[in-house]
Amino acid sequence: MASKGSNPNVLLIVLDSVRAKNCSLYGHRNQTTPHLEQLASESTVYTQARAPSNWSLPSHVSLFTGSETHNHKVTVHDRLQSGQTVFETLADRGYETGLFTENGFLTSHETGLKNTFQTVTGVPEEYDDKYDTTSLNPAPDGFYFADAFDSWRQNQTEPWAACVNLMDAHRPFEPRERYDQWGNNHCHSLQADLPVRWEWEFHGGKKPYWQLQALEQLYDGGIRQADAIVEYIVTALRESGDLEQTLLVICGDHGDGFGEPGHIANEPPAVSHIVPMSEALLHVPLLVRPPGGGDGKQCHHPAALTAFPDVVKKTVEGTTDLKGFARNRVYSTKQPVTDNLRQRYETHCAEPEGYLRSSQAVYVDSPTDGTAVRKQYYWGGSALEQRIHSPHETENIEEITPQRVKDAFEETEPDIRIPLSGQQVTEGAKEQLAALGYY
């Protein structure tokens with residue numbers, strides 16, 4: 001149902017694990033995002049958006065709260081305190097709020113994120129066979145959560161705010177046949193023979209990094225499926241009239257790695273996510289359609305996902321936001337590796353410390369190129385400055401000191417997390433997270 005009066009609805013669609021480099025919206029050779037390309041004509045497309053971290057949990061905390069990952073410091077060992085997120089703020093204003101996703105960090109694990117919403121739809125015990133399209137992942141595909149969101153939306157009598165997180169491009173990559181346009185039997189066989197958590201096979205030397213290129217073909221199919229689900233959602237919104245009264249934000253929460261080499265000495269290749277801090281994991285798609293539609297502009301300034309709460313607040317208040325998601329500086333931080341992951345690196349890798357080093361990145365406008373941004377980042381004791389022209393073109397400028405990067409970060413200690421004690425992963429969450437390679 002359409003929003004009441006002047007209060008717009010809010011819909012955040014997170015394309016989990018989708019990086020800008022593999023979106024045809026950003027020039028990828030495979031047409032993975034045809035609907036996003038159409039939607040771009042009535043939206044603002046940010047060409048230099050960056051994730052606040054390189055995996056789901058810290059990035060979603062930043063998305064929901066507006067707090068940078070180096071400040072909130074939430075990991076699997078913490079729970080977010082109540083009252084910290086934009087969705088709770090909207091609920092206090094009379095909005096109905098909902099979360100729809102397979103992502104166990106949001107709906108099952110005791111991170112506190114599920115408590116942010118009045119309605120939460122996660123993986124059900126039973127569901128229609130038409131959504132049962134995978135063999136490696138015991139959960140329905142994203143069309144199930146799209147339908148759940150649409151059913152919920154149609155029953156609302158007040159303005160609503162929702163997050164739909166789509167895991168269709170998250171490993172294991174199992175797109176429906178119509179979207180699996182670039183994979184083949186070899187790609188599927190390679191994935192089926194790998195453990196769900198396959199970093200160790202490559203970092204440990206059992207498999208060559210070049211084999212990841214085959215998995216990337218399946219990944220592209222997953223992005224194509226996620227794009228089709230976005231089209232499915234947007235079409236329903238448009239036909240009902242809700243789209244014109246809705247702030248629509250579509251973004252990736254982080255990317256994925258397929259063996260891209262590091263640029264700094266001892267920086268490991270990017271394999272999946274959580275550990276590396278390469279552009280493969282940080283450069284994400286971001287498209288924003290305001291209520292009533294936009295003018296199809298592109299923004300080439302650094303853009304921060306942490307601006308989401310501010311953008312929502314200004315939109316709800318009817319304030320013209322000339323800056324949107326663009327920021328003078330954009331920050332990304334690699335959260336400390338948890339004990340469970342540390343043990344795996346120590347078991348599988350000859351030199352595990354190379355994967356455990358701290359890392360941060362900061363992005364600013366490039367004074368010599370209006371469409372590029374400058375990136376300064378460190379990995380352990382080495383640091384580098386780069387110029388990022390696009391997801392497909394990176395230019396190394398000079399080596400710098402890690403302290404130069406660290407000085408750009410202003411750390412605060414917001415009181416928004418509570419350390420978890422006892423069992424940190426419930427049995428229900430454990431099964432979901434294991435299927436996605438997180439446990």
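These legends walk through several close-up views of a predicted model.

**View 1. Helix H2 is mostly covered.** Here's helix H2, residues 56-65, and 10 of its 10 residues come out as buried. Reading along the helix, the buried residues are Ser56, Leu57, Pro58, Ser59, His60, Val61, Ser62, Leu63, Phe64 and Thr65. Right after H2 comes Gly66, with a positive phi of about 85°.

**View 2. A zoom on Ser59, a residue of helix H2.** Is Ser59 buried or exposed? Its relative accessibility is 0%, so Ser59 counts as buried. Now follow the side chain of Ser59: it gets to the backbone oxygen of Asp253 at 3.0 Å. Leaving aside residues up to four places away in sequence, Ser59 touches Ala51, Pro52, Ser53 and Asp253.

**View 3. Helix H7 meets helix H9.** H7 covers residues 185-193 and H9 covers residues 212-240; their axes come within 9 Å and cross at roughly 105°. Angles from 65 to 115 degrees count as roughly perpendicular, and H7 and H9 are therefore roughly perpendicular to each other. Who's touching whom? On the H7 side, look for His186, Cys187, His188, Leu190 and Gln191, which meet Ala214, Leu215, Gln217 and Leu218 of H9. Sorted by class, this contact has 5 nonpolar residues, 4 polar ones and no charged ones.

**View 4. An open sheet of 8 strands with mixed pairing.** To trace the sheet, go in the order S6-S5-S7-S1-S8-S11-S2-S12. At its edges are strand S6 (119-121) and strand S12 (298-299), each of which pairs on one side only. Toward the S12 end, strand S2 (residues 44-46) pairs with S12 in the parallel sense, over 2 bridges. You can spot Tyr46 standing opposite Cys299 in S12. Helix H9 turns up again in this view: H9 lies across strand S1 (9-15), strand S7 (160-166), strand S8 (246-251) and strand S11 (286-289), and runs at about 170° to S1.

**View 5. An open sheet of 5 strands, paired antiparallel.** The order is S14-S15-S16-S17-S18. Strand S14 (330-333) and strand S18 (393-400) stand at the edges with a single partner strand each, so one side of each has no neighbour in the sheet. On average, and ignoring direction, neighbouring strands are turned by 20° against each other. As a reminder, strands of a sheet pair through backbone hydrogen bonds, either parallel or antiparallel.

**View 6. Strand S16 and its pairing with S15 and S17.** Strand S16 takes in residues 373-379; 6 of the 7 are buried, so S16 is largely enclosed by the rest of the structure. Strand S15 (residues 359-365) pairs with S16 in the antiparallel sense over 7 bridges, and Tyr363 faces Lys375 in S16 as its opposite residue. S16 and S17 are also joined in the antiparallel sense over 7 bridges, with Trp379 opposite Ser382 in S17. What sits between these strands? The hairpin of S16 and S17 has 2 residues there, and Gly380 in this hairpin takes a positive phi near 65°.

**View 7. Strand S17 alongside strand S18.** S17 spans residues 382-390 and pairs with S18 in the antiparallel sense over 7 bridges. For a landmark, find Leu384, which stands opposite Glu399 in S18. S18 is one of the edge strands of the sheet.

Conventions: Residues numbered from 1 in each chain as written. Predicted model: local features only at pLDDT ≥ 70, side-chain atom pairs only at ≥ 80, totals over all residues. Heavy atoms only, no water. Buried < 20%, exposed > 50% of the residue type's maximum accessible area, 1.4 Å probe, protein only. Helix = DSSP H or I, 4+ residues; strand = E, 2+ residues; numbered from the N terminus. Pairing = 2+ DSSP bridges. Axes fitted to C-alpha atoms, helices over the stretch in contact; angles between N-to-C directions. Parallel < 35°, antiparallel > 145°, perpendicular 65-115°, else oblique. Contact = heavy atoms within 4.5 Å. Nonpolar A, V, L, I, M, F, W, Y, C, P; charged D, E, K, R; others polar. Polar contact = N/O pair within 3.5 Å; in protein donor to acceptor, adjacent residues only side chain to side chain.
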